[in-house]
Number of protein chains: 2
Amino acid sequence: MTDFAATKALFSLPEGMIYLDGNSLGPMPRSAAERVRKTVEDEWGEMLITGWNKAGWMQQPTAIGDRIARLIGAEPGHVVMGDTLSIKVYQAVAAALELNPTRKVVLSDSGNFPSDLYMVEGLIKSLGPDYALRVVAPEEVSAHITEDVAVLMLTEVDYRTGRKHDMRALTEQAHAAGVLTVWDLAHSAGALPVDLAGCKADFAVGCTYKYLNSGPGGPAFIYVAPRHADTSRPALSGWLGHAAPFDFDLSYKPGSGIERMRVGTPPILQLAALEASMDIWDMADMADVRAKSIALCDLFITEVEARCPDLTLASPRDGRQRGSQVSFHFAQGYAAMQALIARGVVGDFRAPDIMRFGFTPLYIDEADVRAAVDILEDVMTNALWDRPEYHMRNAVT
Amino acid sequence: MTDFAATKALFSLPEGMIYLDGNSLGPMPRSAAERVRKTVEDEWGEMLITGWNKAGWMQQPTAIGDRIARLIGAEPGHVVMGDTLSIKVYQAVAAALELNPTRKVVLSDSGNFPSDLYMVEGLIKSLGPDYALRVVAPEEVSAHITEDVAVLMLTEVDYRTGRKHDMRALTEQAHAAGVLTVWDLAHSAGALPVDLAGCKADFAVGCTYKYLNSGPGGPAFIYVAPRHADTSRPALSGWLGHAAPFDFDLSYKPGSGIERMRVGTPPILQLAALEASMDIWDMADMADVRAKSIALCDLFITEVEARCPDLTLASPRDGRQRGSQVSFHFAQGYAAMQALIARGVVGDFRAPDIMRFGFTPLYIDEADVRAAVDILEDVMTNALWDRPEYHMRNAVT
């Protein structure tokens, strides 16, 4: 059983703040400060170039990838860290399209994070006019998995509403229609159990600075199913994905398996911070995290609906169909969120009218949820944005 | 006049080490430890998500880009940080090819860093069979700038020998033939004065962990000439290159100028380390750096040739045709370099037989060069690799 009191004590959370935005940027693990200091001063400062071997820098992308693999149900040795999520989306979709060469359509949905759609736009423009990106409403995805689709690219959990796709069912349907899948786990990894191997997902990508608490700009990860690992061509064929990077051959020869999805020099300071967070994640069972996440989200929904009637639930009511966040519609949501943040309850706002709250069991508990609703109720009751002087004050600051 | 005694005092250099490998990984600026600590503990730890605005994280890629612009002769506002050098090569070549759409050939040379060639291999494979990468010997580049070439992609300074291309002459010749240029400044930025604007370079890219001392895995930079900045299509069209990233539009619209070459979330911890290094670089005049670099390299060549006759110069003898490193051929170079490193003189080895030494005036002075040659002479005189017991010892360790 995961000891959430113990994990909470391992995070640095500012006094007086209830942080419900770990779905955007996770807080700092207390040990991250020392872990990064060690990498900067003892490794870079003392070992200099020899750190690549002596400190194990060169192996960090696969070593940490293996620890993330456990959280997302990936086979060991099939996840590697690097770059940003957008770059990893590009790699995955480019590889998937080539594995399905007779088809030219990438199917996605309007609930996907825009950068995923932008990266595919950029890719298909380079590939030529035969290729197309087809974007449908989230609830229409299943109906659009047709035999002309090459790749289904979805973010499992909608960044605005927390609505969760059924990865298993959609992957199965995709495969039956000859479609390969690319799953973006930005709001899944560390948020809920993912079973990539069991669902037979083809590719998956994700970031680490949200639920995985790696800090601002932490590296992304990519998963390639073992059956595709040695046949996927890396469109971004960088030297660290080469079979023998230090032979400095003039021609590219892809490394074996997931290694070929490495591109350039890995960001060692960011990986150090991530490693500190993984020490906490190693203490967690994703089933426990999921159970507590649903309980916290359910409590928040119940309390808010009882006490803040102006807010309308934007997330699925059924916890099984949700990620680890709860969103509410509210026309004055931007102003309300600013007022909440000023009172120490940190969520965020997404246009046009969504107030978003992330629930992260590693460091958020039931007392935090109750305290947050107390403040939210107070903010809503004393709604400054309904008063003219509020707008006057904001006009001059 | 740059005060090199002052800059040297600002670096952390391990006691007893003469570090001649700053062309591979620069040493730690003393202030980097505190600067990174501040970003981790005071910014990430205390500000959490609000750090993106409050701590100025979101502006770091262009703010630091402007400081690097001065060192490479770029117009202010036309350099941005992010990703790795390999990714930036891909962006630059992809954009340049589209600006020259009637031609399909990328010309490069066998002295280029292999990853640059690999990335273009990957790109042209995606673009289709009409495209080709043509790799010629460095001294034959000029003769191959023909009217079927779309893009000339070169690394200005050869990573093995330090041989320097004439950027001004080759760019002028390229333009006369209707060819666009992509310059990789990996061994130029911080090594010698670069005049991108004056040479009318079209695109340039580079890394920061070598001469710019940003630490392991520090971010890369990209420059796009002002005349191309608003017409270059970003093949890697990520959300932070969008005209309005936080509008979360479903379709990509490129940002203005260099902003469109941003892709994903910037690596804030790595940028903090780079910022500490830029505080030192702000004290340096590149003309002074160049003069001292040539003097140090010349001294090293003179002394080594006088005292270590088994080593054969691999770098150009004329300092104007060299970067900021000196390389020697030696058949037992790998063993000799290992012996040197064991004695505290850190250079590196590149296959098949190159011993490489970087000279970085910000923290290496004449006394270091003389001390390094003393040790090199001693290592060569007592050449262990000529004795059978050396190979026996190495066979069992």
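Copies are superposed by least squares on the C-alpha atoms of residues with pLDDT of at least 70 in both. This is a predicted model, in which local features need pLDDT of at least 70, side-chain atom pairs count only at pLDDT 80 or more, and totals for chains, interfaces and linings use all residues. Residues are numbered from 1 along each chain as its sequence is written, while chains are lettered from A and ligands numbered from 1 in the order in which they are written.

**Exercise 1. Find what turn and what shift lay chain A on chain B.**

Step 1. Take the turn: 180°. Take the shift along the axis: 0.0 Å. The RMSD of the fit is 0.0 Å.

Step 2. Name the relation. It is that of a two-fold axis.

Step 3. Locate the axis from chain A. The C-alpha of A:L127 is the nearest in that chain, 2.7 Å from the axis.

Step 4. Compare the contact residues (C-beta atoms, placed from the backbone, within 7 Å). Of those in chain A, 100% recur in chain B, and the same surface serves both copies.

**Exercise 2. Describe how domain 1 and domain 2 of chain A meet.**

Step 1. Set the bounds, which come from an automatic or database domain assignment. Domain 1 of chain A covers 4-29 + 285-396, and domain 2 covers 31-281.

Step 2. Count the contacts. In domain 1 of chain A, 29 residues are in contact with 24 residues of domain 2 of chain A.

Step 3. List the elements on the domain 1 side. Helices (H or I, at least four residues) and strands (E, at least two) are DSSP runs, numbered from the N terminus. β3 (28-29), α11 (286-307), β12 (325-329) and β15 (354-358) of chain A each supply at least two residues. α11(A) gives the most, with four residues.

Step 4. Sort that side by residue type. Ala, Val, Leu, Ile, Met, Phe, Trp, Tyr, Cys and Pro count as nonpolar, Asp, Glu, Lys and Arg as charged, and the others, Gly among them, as polar. The split is twelve nonpolar, 13 polar and four charged.

**Exercise 3. Trace helix α4 of chain B and say where α4(B) bends.**

Step 1. Check the span. α4(B), residues 60-72, has 13 residues and reaches 18 Å from its first C-alpha to its last. That is close to the 18 Å expected at 1.5 Å a residue; the expected span is 1.5 Å times one less than the number of residues.

Step 2. Find the bend, the angle between axes fitted to the seven residues ending at a residue and the seven starting there. α4(B) bends by about 25° at B:D66.

Step 3. Pick out the buried residues (20 or more other C-beta atoms within 10 Å; exposed means 12 or fewer, partly exposed in between; C-beta atoms are placed from the backbone). Among them are B:I64, B:G65, B:I68 and B:L71. Their cover includes β4 (79-82), α10 (268-281) and α11 (286-307) of chain B.

Step 4. Look past the end. B:G73 follows α4(B), with a positive phi near 65°.

**Exercise 4. Is A:L48 buried or exposed? Treat B:K200 likewise.**

Step 1. Recall the background. Most residues other than glycine have a negative phi, and most peptide bonds are trans.

Step 2. Take A:L48. Its phi is positive, near 50°, and A:L48 lies in the loop between α2 (30-47) and α3 (51-54) of chain A. A:L48 counts as buried because it has 24 C-beta neighbours inside 10 Å.

Step 3. Take B:K200. Its phi is also positive, about 60°. B:K200 is partly exposed, with 16 other C-beta atoms within 10 Å.

Conventions: Contact = placed C-beta atoms within 7 Å.
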